[in-house]
Amino acid sequence: NEHVWMSPDGYQYQIQAVMGALIQVTPANEEAYLANGTAYDEQVHEVWKNLPQMNGRPCVLFHDSLASLASDIHMDVKLTLSAEGESGLSAADLAQVEQLAKEHPDLVLLYDTQYPVRYTAIDGLVPAAQVIALETAVVGQGSPSDWLDAMGRNIEKLQKLTGGDTP
């Protein structure tokens with residue numbers, strides 16, 4: 001999945017890869033790259049530690065960009081749909097979500113905020129607290145903390161599902 005950065009673990013691998021590539025290109029700056037990369041990696045590790053664990057809670061993803069994160073927090077992905085583009089979801093897709101909502105009262109619907117499409121008829125099948133739009137940190141303010149800030153907001157939203165518990 002090309003959205004590996006949504007997994008703090010996967011993102012840490014990316015940090016290491018970028019750090020290694022920078023060192024190869026400009027070895028004279030190795031010390032600075034290692035210091036900066038290590039400091040940032042530690043911040044990402046803190047995010048990892050704060051992710052609430054969902055212990056197999058069922059969910060529907062409305063974009064595959066959320067698959068890595070759902071796996072990291074131990075959600076049981078029942079269905080992944082693509083809510084991007086103009087075509088939207090088919091009636092069969094919507095019927096599948098409706099059936100899952102009937103089978104799993106604790107079903108969580110996870111949307112990707114970069115796609116504004118929402119399915120209010122589907123959202124209404126579960127309590128409002130179980131409909132969550134997560135940030136994939138695709139865009140930001142150009143700050144080094146954009147990913148950390150987005151993941152912090154995502155953690156706050158996810159903690160509401162667990163009553164505020166963290167691992």
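**Salt bridges and helix α2 in brief**

R153 is partly exposed, at 39% relative accessible area. In this predicted model, R153 pairs with E135 in a salt bridge, one of three that turn up across the whole structure. Besides those bridges, here's a look at helix α2, which runs over residues 30–50.

**The E135–R153 bridge**
- The closest N and O atoms of E135 and R153 sit 2.6 Å apart.
- E135 is in the loop between β4 (131–134) and α6, while R153 is in helix α6 itself, so this pair ties together parts 18 residues apart in sequence.
- E135 comes out as buried, with a relative accessible area of 18%, because the cut-off for buried is under 20%.

**The other two bridges**
- E46 and K49 join through their side chains, N to O at 3.0 Å.
- These two are three residues apart in helix α2, so about one helical turn separates E46 from K49.
- Both ends are partly exposed: E46 has 37% relative accessibility and K49 has 41%.
- K78 and D76 make a salt bridge too, at 2.8 Å from N to O.
- K78 is partly exposed at 33% relative accessible area, and D76 is partly exposed at 31%.

**Helix α2**
- With 21 residues, α2 spans 30 Å from first C-alpha to last, close to the 30 Å expected.
- Y33, G37, Y40, D41, V44 and V47 are its buried residues.
- Those residues cover an arc of only 110° around the axis, which means they're on the same side of α2.
- Flip to the other side of α2 and you'll find E31 and E42 exposed.
- The cover over the buried residues of α2 includes α1 (8–25) and α6 (146–161).

Terms used. Residues numbered from 1 in each chain as written. Predicted model: local features only at pLDDT ≥ 70, side-chain atom pairs only at ≥ 80, totals over all residues. Heavy atoms only, no water. Helix = DSSP H or I, 4+ residues; strand = E, 2+ residues; numbered from the N terminus. Expected span 1.5 Å × (residues − 1). Buried < 20%, exposed > 50% of the residue type's maximum accessible area, 1.4 Å probe, protein only. Arc of directions from axis to C-beta. Contact = heavy atoms within 4.5 Å. Salt bridge = Lys/Arg side-chain N within 4 Å of Asp/Glu carboxyl O.
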